[in-house]
Amino acid sequence: MTERLYLSDSMLAAFDAIVTACEPDEDGYLIELDRSAFFPNKGGQPCDVGTIGGAVVSDVNEKGERLLHRADRAIPVGTAVRGEIDFARRFDIMQQHTGEHLLSYCAWHLFGAQNVGFHCALTYATLDLDKPVGHDGITEIETLANRLAAENAAVTATIYETEEDLKGIPLRKHAEGLTAPIRIVTIEGSDACTCCAPHVKRTGEIGQLKIVEAIPYKGGTRCTFLCGMRALSHAQAMQDTVAAIALRFSTSRDQAEAAVQKQADELSETKKALRQAYAALDEYLAKALKAEAEDVNGVKLIVKTLESVDAKRLRAIAGATMTDRALSVLFSDTGDRVSYLLASNGIKTDTGLLIAAVNTAFSGNGGGRGTLAQGSAKKPAGMTETVESLKTYFKNVLLHG
Ligand SMILES: [Zn+2]
């Protein structure tokens, strides 16, 4: 069985070992050592990567009691090797992981919320709490965690050989199913819980802890958080974003939100004014269309193409052209597409039947029934001629039923 060097020294980045097994597998070779500082994929966080005797280690997993390093080449059993882990990656993960301990302690201490899930990816980490915690609560948790981090308290791991030895130790969390010997990780002055992963030595090494999102999750709260350089990168990105917004509004960063709000208000007013202007324009358009309607067998027929009118406006315009007996067929040309609407009143033929002819002529999709049908299509070449031939068709329908 491999001696797990990370359990006693989380800062160990290089070590000497002997290869005790080497087996080919589909993605390279699985190497086992007599001792290793490589932490496997475990406890919701990614494994260490690095090299063993020059072979690249890209994945590390436990299989029962075994610790298997996936390497890109074989190393004979018995070879003395130097193992080196990617310590920048290890340290970053330890910052997130130890940060999780502190945040979990603060959530528990302040609100009695238990940590029920942890996932650490290479760019973010999430922590699930079993209770809903609102914005102010999240701020409190984050603030206390940063205060405790700044106290630079010692983070230590102790192995307890029996459950009896554990009695009297106030644990925040005792992982289910664990049997002695049990490893307890303690943050001096605050947290204590069962854990098997590597941690930073003192809370100051976590750096800043930032909860960047807290959303309701399974009746509790899922917090996405960033520690150390991840928190710094996030702050830099946020600063750049706010600066870009401020620049766009020609204002200072602290006035950016007010400037965005002002523009949103102006946009809302402009939209309202535009709706009113369109309503007046559409009333005028409908009048003009009615004036040029053709009388076909006692039915006022309008077939007309308009420029870039949306479906809602088409419907309003067509509606305003209705008389006792009327058929209005309006097309809207938006450049690359054409939409169409058929409205009728007091005629025998259902618009659902009439639109079938339009769909065929335009290779479009549309439907409807009774007195209203609508559809759209890619704008065809020779649209004017197509509309003219459809007009002839509608006339024939009105004349002959
Ligand atoms: Zn831990």
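Three bridges join strand β12 (residues 182-187) to β13, the two strands running antiparallel, where strands are DSSP runs of E of at least two residues, helices are DSSP runs of H or I of at least four residues, both numbered from the N terminus, and two strands are taken to pair if DSSP finds at least two bridges between them. The model described here is predicted, and accordingly local features are reported at pLDDT of at least 70 and side-chain atom pairs count only at pLDDT 80 or more, while totals for chains, interfaces and linings use all residues. Residues are numbered from 1 along each chain as its sequence is written. Within the pairing of β12 with β13, Thr186 has Ala192 in β13 as its bridge partner.

These strands belong to an open sheet of three strands with the order β11-β12-β13, in which the pairing is antiparallel. Because β11 (155-160) and β13 (192-194) stand at the edges with a single partner strand each, one side of each is left without a neighbour in the sheet. From one strand to the next the twist averages 25°, with axes fitted as lines to C-alpha atoms (for helices over the stretch in contact) and angles running from 0 to 180 degrees between N-to-C directions. Helix α2 (residues 87-111) packs on this sheet and touches β11, β12 and β13, its direction making about 75° with that of β12; contact here requires that the C-beta atoms of two residues, placed from the backbone, lie within 7 Å.

Helix α2 also packs with helix α3 (residues 135-150), the two axes coming within 9 Å and crossing at roughly 125°. The two helices α2 and α3 are therefore oblique to each other, on a scale in which angles under 35 degrees count as roughly parallel, over 145 as roughly antiparallel, 65 to 115 as roughly perpendicular and the rest as oblique. The crossing of α2 and α3 is right-handed, a term applied if the near helix is turned clockwise from the far one by less than a right angle, whereas an anticlockwise turn is left-handed. On the α2 side the contact is made by Leu102, Leu103, Cys106, Ala107, Leu110 and Phe111, which meet Gly137, Glu140, Ile141, Leu144, Ala145, Leu148 and Ala149 in α3. By class, the residues of this contact comprise 11 nonpolar, one polar and one charged, with Ala, Val, Leu, Ile, Met, Phe, Trp, Tyr, Cys and Pro counted as nonpolar, Asp, Glu, Lys and Arg as charged, and the others, Gly among them, as polar.

A further open sheet is formed by four strands in the order β9-β10-β15-β14, again with antiparallel pairing. Since β9 (115-120) and β14 stand at its edges, each with a single partner strand, one side of each is left without a neighbour in the sheet. Neighbouring strands of this sheet are turned against each other by 20° on average, direction ignored. Helix α3 packs on the sheet through β14 and β15, and its direction makes about 150° with that of β14. Helix α5 (residues 229-248) likewise lies across β14 and β15, running at about 90° to β15. Strand β14 (residues 209-217) and strand β15 (residues 220-227) are themselves paired in the antiparallel sense over eight bridges, with Thr221 in β15 as the bridge partner of Pro216. The hairpin of β14 and β15 has two residues between the strands, and Lys218 takes a positive phi near 45° there.

Elsewhere in the chain, strand β2 (residues 14-25) pairs in the antiparallel sense with strand β8 (residues 80-85) over five bridges, Ala17 having Val81 in β8 as its bridge partner. Six bridges join β2 to strand β3 (residues 28-33), also antiparallel, and the bridge partner of Pro24 in β3 is Tyr29. With two residues between them, β2 and β3 form a hairpin.

Helix α8 (residues 351-362) and helix α9 (residues 383-400) pack at an angle of about 155°, their axes lying 11 Å apart, and α8 and α9 are therefore roughly antiparallel to each other. In this contact Leu354, Ala357, Val358, Ala361 and Phe362 of α8 meet Thr386, Leu390, Tyr393, Phe394 and Val397 of α9. The residues involved divide into nine nonpolar, one polar and no charged.

The domain assignment, whose bounds come from an automatic or database source, gives domain 1 (3-85), domain 2 (91-236) and domain 3 (276-400). The C-alpha centres of domain 1 and domain 2 lie 27 Å apart, and 10 residues of domain 1 are in contact with 13 residues of domain 2.
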